[in-house]
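Trainee: I have the entry open. Could we go through it together?
Mentor: Certainly; let us look at it first.

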Amino acid sequence: MWETIIVNPFTNALLLIYKLIGGNFGIAIILFTILIRLITHPLMASQIKSSTKMTEFQQSKQWQDIQKKYKGDKEKLAQEQMNLYKELGISPFASCLPSIIQIPLIFGLYQSIMRALAATPGQLLILTRVVYPFFHLSALVPLNSQFLWMNLGQPERIYMFGVGVPLLAIIVAITTYVQSKVTMPASTNPNDQGAMMNKMMALYMPLLLGYFALTFASGLSIYFITGNLIGVAQYALLGKVNWRALIPGYKPDTTVLVRNK
Amino acid sequence: MKKKYLVLIGLLLGLAVVLGGCATGLTASSWPGVTADANNAYIAGGPYVFAVNLQTGVEVWRFPAKAANATPFYATPMLTPDGQLIVGSFDHKLYSLNPQSGAENWRFEQAKGRWIGGVLVTTDTIYATNADYNLYALSFTGKLKWISSFQADQAIWGSPVSDGTNVYFGTLGRQVYAVNAQTGRKVWIQTVDGAILGSPVLGPNNTLYVGTYSGLLVSLNTRNGEIIQKETASSWIWSGPAQDGTNVYVGDANGMFYAFPMTGAGQPWTQQLNGTIIGTPLVSGTTIVVGTESGKVYFMDNTGQNVRPVSVPGKIYATPVAAGALILVAPTGGDSLLVALDQTGATKWSFTGK
């Protein structure tokens, strides 16, 4: 099921792009990532909308009053929070749905990259079986796994004075951090748990994706970097990028928030 | 909100675990390689290299002592005239083992790619092709004699062959190379229509045969690399061909098995077998033995007659091996790692490797 719905279509899409652009697997991954982002753009737009609504909700006087009123009664507070969500048309999980959707995409893409590059006889045999009949696979095999200085089927290192520097993993971590920071909704409420979670994610995600980039095939890192850059671009197109968030010690401008409300 | 946060972190950790598992599984994908001497069968079967007693099917030793799951062995082991067992691993190391005890004699660590094909052993040299695009020549003490003076265009998965003057091998990049056996210098290079996944085979009259992923059996002149003839199969050819002096034999993905005459003496014939043919056919006297993905081992005579299928649990990707009166087959995905059949196809013993 997983193979049929995700991995096989991904593998064939990658191969089709690879074929169309004349045999550059790195560019194929970049174009594929853009394609995936375009397909999931409505979800992304919905996430941004939900995040904005949620931030506004956290800042609202109505919610702050309710928090004060039911300070000692967690159950009642939760009940009132849900009522308010319903009243304002906010779905608490709408903002994290696109992140969850990314997980099978990452997993599927990783499998597809490894499968398409077919570095072992077993992988090539599987590839032979999953490629759609209209492909003339023998004309494509072996795929060119070199992209810039990287072998896309292997973790990337640049050797300087005998030391392997994981440049791509560093770029993945930096772009993930930048994306998290500049797209994070501003919050001035110290009790805003959503904002706290976003801050935690902005710290953990670069480390986690950086670790993936360090350990797994560099083709996956190309996907991460492209995805991060497109993510920022998508937010920018919707006017939701806050570049000032990158300035150390930056504090959200409360007047702007009030004005937005 | 805390719950949401925990769910997201949990999913990310899950992803890390799944990707990790996936990476290990994918890099370890191949099938066993088998060889034998008068006493033992030797099988490179994933995490271990095993020696199995030919009479009893009982394990004699295994190497290494602790399973090498991340760096498995699949390249066909080869014996040297001075009593060493040479086997390469996916961890880029080529090992020399004592065939009696499994003790390590030496290891060669200069290659940068996986050892997928078995080595070629001559009277004084080990020729080893690696997925790092190089051909290595080693002495029997594991010292590097030379690395090919050029890098091939792509990974080399098949074993090399030699006529004493040159060493020949094919690449995934659709090239056939002839290299001077003494110096490692390129003698000629020839392009064929498809990737070469298996080993070439030498025939009479300075002829070299290679099977291609585009479904061709190509014969070349060993003196200059000139293509002599191309025979078309019904689908891709994975294995290297085999020959018995009269015919050259090869199977394809559709289960079609071919015999093409190498000289005027032979007659071409085909046999439709059940299942994809991956391994090189075994020529054992006048009997041809072929394994298929459907778990069938076919015995037939060299005219394509008297075809006798024998079922073995699992898929047969590995090349069958003759060991005295026994035929050894190494199934993939079955209960056994190695099955010994007699000439009638009856199972004498099976070895699970557990």
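**Helix packing and chain B**

Mentor: This is a predicted model. Helix 1 of chain A and helix 2 of chain A are oblique to each other.

Trainee: At what angle do helix 1 and helix 2 of chain A pack?
Mentor: The angle is about 120 degrees, and the axes are 9 Å apart. Angles over 145 degrees count as roughly antiparallel and 65 to 115 as roughly perpendicular, so this pair falls among the rest, as oblique. The crossing of helix 1 of chain A past helix 2 of chain A is right-handed.

Trainee: Which residues make the contact?
Mentor: Helix 1 of chain A contributes Ala13(A), Leu14(A), Ile17(A) and Tyr18(A), while helix 2 of chain A contributes Phe25(A), Ala28(A), Leu31(A) and Phe32(A).

Trainee: And how many of them are nonpolar, polar or charged?
Mentor: Eight are nonpolar, and there are no polar and no charged residues in this contact.

Trainee: New topic: Leu207(A). Buried or exposed?
Mentor: Leu207(A) counts as exposed, because it has 12 C-beta neighbours inside 10 Å and the cut-off for exposed is 12 or fewer. Leu207(A) is in helix 10 of chain A, residues 193–215. Its C-alpha lies 6.2 Å from that of Ala173(A), 34 residues apart in sequence.

Trainee: What about chain B: how many helices and strands?
Mentor: Chain B has one helix and 32 strands.

Trainee: What is its radius of gyration?
Mentor: Chain B has 21 Å, which agrees with the value near 20 Å for a compact globule of 354 residues. The C-alpha trace of chain B spans about 80 × 50 × 45 Å along its principal axes, and 50% of its residues are buried.

Terms used:
Residues are numbered from 1 along each chain as its sequence is written. Chains are lettered from A and ligands numbered from 1 in the order in which they are written. This is a predicted model: local features need pLDDT of at least 70, side-chain atom pairs count only at pLDDT 80 or more; totals for chains, interfaces and linings use all residues. Helices (H or I, at least four residues) and strands (E, at least two) are DSSP runs, numbered from the N terminus. A residue is buried if 20 or more other C-beta atoms lie within 10 Å of its own, exposed if 12 or fewer, and partly exposed in between; C-beta atoms are placed from the backbone. The radius of gyration is taken over C-alpha atoms; the globule rule is 2.2 Å times the number of residues to the power 0.38. Axes are lines fitted to C-alpha atoms, for helices over the stretch in contact, and angles run from 0 to 180 degrees between N-to-C directions. Angles under 35 degrees count as roughly parallel, over 145 as roughly antiparallel, 65 to 115 as roughly perpendicular and the rest as oblique. A crossing is left-handed if the near helix is turned anticlockwise from the far one by less than a right angle, and right-handed if clockwise. Two residues are in contact if their C-beta atoms, placed from the backbone, lie within 7 Å. Ala, Val, Leu, Ile, Met, Phe, Trp, Tyr, Cys and Pro count as nonpolar, Asp, Glu, Lys and Arg as charged, and the others, Gly among them, as polar.
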